[in-house]
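Biologist: Could you take me through one part of this model, the surroundings of the ligand, and then show me how the sheet is put together?

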Amino acid sequence: MQIAKPSNQIPNVVLEDLLGRGQAYLDQQNIREHIQGKVVMVTGAAGSIGSELCRQIAGFGPLVLMGFDQAETPLFELGVELEKKFPNAIFHSEIGNIMRFDDVSRTMQQYRPSIVFHAAAHKHVPMMERHAFAAVENNIFGTLQVAEAAASQGVESFVMISTDKAVRPASVLGVTKRIAELTIRALQKTQGTKFIAVRFGNVLGSSGSVVPIFTSQVAAGGPVTVTHPEMRRYFMTASEACQLVLQSLALGNGGEIFVLDMGQPVKIVDLARSLILSSGLQPDRDIKIEFIGVRPGEKLFEEVNLDSEHLVPTSHSRIGSLARAEEVDARRVNASLLELEESVRARDLIRMIRLLKEMVPDYIPGSQLMENAVSIGTNHGFAGDAEFSCTQGIEPAIANGALPTDEPIEYASPGRV
Ligand SMILES: NC(=O)c1ccc[n+]([C@@H]2O[C@H](COP(=O)([O-])OP(=O)(O)OC[C@H]3O[C@@H](n4cnc5c(N)ncnc54)[C@H](O)[C@@H]3O)[C@@H](O)[C@H]2O)c1
């Protein structure tokens with residue numbers, strides 16, 4: 001029996017069947033006008049989204065394309081690939097950490113980019129529930145650092161890659177991305193750079209996502225592990241998402257949160273079945289599908305925009321703009337960020353959660369994170385203080401029944417989807 005080789009490339013036929021739509025229409029001319037002859041910087045260039053952005057940007061004739069990432073090998077490999085595919089494009093790779101001021105400002109000063117795409121972030125939901133400080137540092141303060149450097153260098157447009165997990169966040173990852181959106185919108189009020197955020201859902205085939213995991217599970221003879229029969233997600237291909245991100249750059253005037261139309265959500269179990277079938281095998285007969293339970297911080301179903309907000313259409317049919325995203329008071333955002341930074345520096349988890357919740361009132365901290373916060377407080381002999389802080393900070397959520405107190409506490413293990 002022939003079994004598919006594990007690959008990050010989902011077969012096109014499976015993709016088309018699942019998504020039921022063709023490639024997005026792009027106003028290529030408009031995008032070219034924005035990119036051609038410009039210096040473009042992409043943070044997180046070695047990652048799934050950043051590398052695809054680089055591939056597409058290279059095709060629009062930038063003067064220089066600079067990929068910034070801390071991951072050496074994939075950045076090197078991207079350079080080799082781009083050199084082959086776009087022999088006339090000038091690609092420079094820069095190793096650096098968005099959290100280090102020197103790395104970011106030195107690179108910006110050296111290249112003086114006109115456009116920055118910011119895709120560097122931590123992104124794994126269950127992992128970030130267990131590494132909440134790292135998520136806040138990288139996704140919020142890393143973004144702030146890149147955005148402030150961009151503004152002070154006179155960058156024309158700054159496009160932040162956001163996620164549908166920022167909507168009514170149920171995870172540390174989601175709330176950090178939402179605050180990163182707030183942060184750049186606060187900067188929009190005081191700086192000349194156009195700050196734009198683009199939200200979308202899961203990208204099929206991206207690193208650590210379900211497709212590479214399922215394909216290797218199929219290749220190993222199964223089982224394919226799915227968290228829940230009703231688990232659904234919106235999916236796009238990386239190419240589709242990045243095309244629409246480039247289109248958003250061309251549409252943006254600054255301050256917008258663009259939301260990409262993800263089509264219809266796909267049941268994860270259907271995706272698993274399609275991948276098994278595409279390998280010439282029968283689900284349940286040749287390869288078992290096992291349901292292993294929802295992980296901390298995960299929702300069964302993700303919304304793409306808040307109910308209270310309305311999407312207004314743009315000139316592109318697949319891109320909406322949030323008309324009533326929460327009003328941003330730049331001074332308050334700055335003050336909250338300072339407090340948040342202090343709580344991270346002090347490794348004060350309870351205070352940090354309370355501040356995250358103050359900044360994003362619809363954030364519902366996960367039960368595992370809450371247990372950790374309370375147990376850390378208790379272990380340090382501050383049980384009274386911890387309980388006091390906890391009830392002060394999270395009481396409203398408990399009072400309205402929002403905290404998922406009956407949710408099983410699970411620890412994520414690799415390969416669970
Ligand atoms: N992959 C998806 O399905 C998807 C969907 C919607 C939104 N997004 C968002 O897109 C962004 C990127 O996701 P991805 O799938 O490309 O992730 P990824 O892990 O493949 O890539 C992220 C890249 O950022 C780099 N990076 C992280 N922290 C850094 C730091 N401090 N300094 C320098 N480089 C750093 C990593 O080395 C990595 O190469 C995330 O914010 C994610 O939430 C992803």
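Modeller: Sure, and keep in mind that this is a predicted model. Let's start at the ligand: 27 residues surround it, and the closest are Gly 44, Gly 47, Ala 121, Val 203 and Ser 206. By type, the shell splits into 11 nonpolar, 13 polar and 3 charged residues. As for where they come from, helix 3 (48-58), helix 7 (132-152), strand 5 (157-163) and strand 7 (202-204) each put at least two residues into that shell. Helix 3 gives the largest share, with 3 residues.

Strand 5 takes us on to the sheet. That sheet is open, has 9 strands with mixed pairing, and reads 3-2-1-4-5-6-11-15-14 in order. Its edges are strand 3 (91-95) and strand 14 (311-313), each of which pairs on one side only. On average, neighbouring strands here are turned by 25° against each other, if you ignore direction.

Now look at the strand 3 end of the sheet. Strand 2 (residues 64-69) runs parallel to strand 3, and 5 bridges join the two. One residue pair to pick out there is Asp 69, whose bridge partner in strand 3 is Ile 95. Helix 5 (residues 101-111) belongs in this picture too: it lies across strand 1 (39-43), strand 2 and strand 3. Relative to strand 2, helix 5 runs at about 175°.

Key. Residues are numbered from 1 along each chain as its sequence is written. This is a predicted model: local features need pLDDT of at least 70, side-chain atom pairs count only at pLDDT 80 or more; totals for chains, interfaces and linings use all residues. Two strands pair if DSSP finds at least two bridges between them. Helices (H or I, at least four residues) and strands (E, at least two) are DSSP runs, numbered from the N terminus. Axes are lines fitted to C-alpha atoms, for helices over the stretch in contact, and angles run from 0 to 180 degrees between N-to-C directions. Two residues are in contact if their C-beta atoms, placed from the backbone, lie within 7 Å. A residue is near a molecule or strand if its C-beta atom, placed from the backbone, lies within 6 Å of it. Ala, Val, Leu, Ile, Met, Phe, Trp, Tyr, Cys and Pro count as nonpolar, Asp, Glu, Lys and Arg as charged, and the others, Gly among them, as polar.
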